[in-house]
Amino acid sequence: MGRHQIIHLLRKKLVNKYMIWDRCSSFLAVSSNVQRSVRHASEKSSSGSPPSNDFDVCIVGGGIVGLATAQELIWRQPNLKLAVVEKEAELSLHQSGHNSGVIHAGIYYTPGSLKAKLCVEGLELAYKYLDEHNLPYKKCGKLIVARNEEELPRLDALHKRGLENGVKGLRIMNSDEIKEVEPYCKGLKAIHSPNTGIVDWGQVARHYGKNFERLGGSVFTNFEVSNFITTREGKAGSKDGLQHPVTLQAKSGKSLRCRYVVTCAGLYSDRVAEMSGCSKIPKIVPFRGDYLLLKAEKNYLVNGNIYPVPNPKFPFLGVHFTPRVDGSIWLGPNAVLAMKREGYKLLDFSLKDMIDAVSFSGLRKLAFRHLGYGLGEMYRGFNYPAQVKLLQEYVPDLKVSDVTRGPSGVRAQALDTDGNLVDDFVFDIGAGGIASRVLHVRNAPSPAATSSLSIAKMVVDKVQDTFEL
Ligand SMILES: Cc1cc2nc3c(=O)[nH]c(=O)nc-3n(C[C@H](O)[C@H](O)[C@H](O)COP(=O)(O)OP(=O)(O)OC[C@H]3O[C@@H](n4cnc5c(N)ncnc54)[C@H](O)[C@@H]3O)c2cc1C
C-alpha cells in the first residue's frame, strides 16, 4: 500500500469518527481541528505543487446554489478539501443578490415535479436554517388575488395544486377576508398562504459561504474560470498532475488544481458548460426584471406579498407587491429581454450577448409566441406609469406619484431550441477525459433561492454518485 493510500485511509478513519458533529454547532471546533490536521497531512503528501491550490472538489459560482452546494458537501464529507471560485470580488452579486426576496411556499409548481418537491422542502429547511443562525426574516404571508369572475377557475386550480404539493395553511378568502389581511387590496377572492415569507437571499447566500469557510472550505473571489484543462504532469517519474487532473484556469492567469468540479454559474451556466465540451443547449437568455419602489410614507398600503393569479399562457408570475426585510416595498418585476447578461440598467448593452441571444432560434420562437406580452412588458419598462396602472387593479389607492424607479434583477432563463422555457433542473457532464470530471448545474430557476438547501442536497447526491466520492 502506497503512502497516499495510507494517508487517505487515515483521513477517512479520523473524519468518520467525528461525522456525528454534522450540523451540530457545539462540535464545530472539534471538527475544524480534525479537518485542519487532516488537511495538513494531505498537503504534506502532495507532490510538491503549492498545497493551497490543490482541492478534491472545486465549485464554480458563488451564488446561492454554489454556496449551498459547497456547504452541504462539507457537512457530508468534511474530509474533502473543497473550494468555491467566484468571478466577482464578492459573493452573491448576481441573481442571488438581485431578487424579490420571497420565501416561496410552493403553490405554483406542477404536482410531482422536482420544482414543487424542492420548494416545499426548501422552505422548511430555510426557516430552520434562518432560526438556527439568527438571520432576519418575516413570515408576512401572501395573497394571490383574483380580480374578477374570469380568474376564479384559475385561482381554484392553483389552490388545488398548492394543496397537492403539500403547502401548509392555504385557504381561500372572500373579499371581506382579503380586507382583514390587506386593508387596501381589492379582490373578488384570494388564496392566502400564511407561511410565505421574506428574507434577504443575498445575505443568506453569504452566510452559507461564511459557514463553509468556518468548516474549513476555501473561497476564491476575483477568479473567473476561463477554461478547464488537463493538469500538466511534473518532472518525469513524479506523480504531479495525477492526483488533481483538472486545472481550473482563470482569466487573470491564476489556476487551481482539483479532482472534480461542479459548476453553478447562473447567467453563464451555458458558456461554462461549453468550456468542458457540453452542448450549447439549454441556452441561457437573460430576462431583466425592473422593480418600482414604494415611497416610505406609502408603505401602509401593503402588509405582505400581494400577487396576481398567473396567466399560464405567459412565462412569468406577473408583477407583485413585495415587502422587504429592510422595511421597503418593491413593486414588480416585469420581464424584458436584457441586452446584456448581468446588465442591471435599462440601457446596459453587450454586442456579444445580444448577437448570442437574437441569433438563437429558441428565443426567436419564444418571442414570436409571446410578441404581444413581450412588447407590453417593454412598454411598461420604459413607461412606468403604465406599470402602476396594472398594480392599481390590486391596490386602487396607489398613485404614480407614490413610486420611484427601483432596482433590477436579471433572470437566467434556460431555453431549448423550440423556444420552451426549461422549467426543471438540468445536470450535464462531458464525455471522457477531464470533461467527465466536470458536472454542470445548468438551470436553477426561481424559486431556487427558497429551494437552495434542498437543491444542494440533490446536487451533492448527484456529485457523490457521479464521482463516487
Ligand atoms: C428578478 C428575480 C427575482 C427572483 N425572485 C425570487 C424569489 O423571490 N424567491 C426565490 O426563491 N427565487 C427568486 N429568484 C430566483 C433566484 O434568485 C435564483 O434562482 C437563484 O439566485 C440562482 O442562484 P445561482 O447561484 O444559480 O445563480 P447566481 O446567483 O447568478 O450565481 C452564479 C454565480 O456564478 C458566478 N460565475 C458565473 N460565471 C463564472 C465563471 N466563469 N467563473 C467564476 N464564477 C462565475 C457569477 O458571478 C455568480 O455569482 C429570482 C430571480 C430573479 C432574477
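Which residues of helix 4 are buried? In this predicted model, the buried residues of helix 4 are K115, A116, L118, C119, V120, G122, L123, A126 and Y129.

## Helix 4

Helix 4 covers residues 114–132. With 19 residues at 1.5 Å each, a span of 27 Å is expected, and the end C-alpha atoms lie 26 Å apart, which agrees. The buried residues of this helix pack against two elements, strand 3 and helix 13 (452–467). Just after helix 4, N134 adopts a positive phi of about 55°.

An α-helix has 3.6 residues a turn, so residues three or four places apart point the same way.

## The three-stranded sheet

Strand 3, against which buried residues of helix 4 pack, belongs to an open sheet of 3 strands in the order 3-8-4, with antiparallel pairing. Strand 3 (102–103) and strand 4 (137–138) each have a single partner strand and stand at the edges, so one side of each has no neighbour in the sheet.

Strand 4 and strand 8 (residues 197–199) run antiparallel and are joined by 2 bridges. Within this pairing, K138 stands opposite I198 of strand 8.

## The ligand shell

The ligand is surrounded by 42 residues, of which G61, G63, G266, G409 and A448 come nearest. By character, the shell comprises 19 nonpolar, 18 polar and 5 charged residues. Helix 3 (64–76) and strand 18 (403–415) each contribute at least two residues to the shell.

Both domain 1 (46–95 + 202–281 + 424–467) and domain 2 (285–417) give residues to this shell, and the ligand therefore lies between them.

Notes. Residues are numbered from 1 along each chain as its sequence is written. This is a predicted model: local features need pLDDT of at least 70, side-chain atom pairs count only at pLDDT 80 or more; totals for chains, interfaces and linings use all residues. Two strands pair if DSSP finds at least two bridges between them. Helices (H or I, at least four residues) and strands (E, at least two) are DSSP runs, numbered from the N terminus. A residue is near a molecule or strand if its C-beta atom, placed from the backbone, lies within 6 Å of it. Ala, Val, Leu, Ile, Met, Phe, Trp, Tyr, Cys and Pro count as nonpolar, Asp, Glu, Lys and Arg as charged, and the others, Gly among them, as polar. Domain bounds come from an automatic or database domain assignment. The expected span of a helix is 1.5 Å times one less than its number of residues. A residue is buried if 20 or more other C-beta atoms lie within 10 Å of its own, exposed if 12 or fewer, and partly exposed in between; C-beta atoms are placed from the backbone. Two residues are in contact if their C-beta atoms, placed from the backbone, lie within 7 Å.
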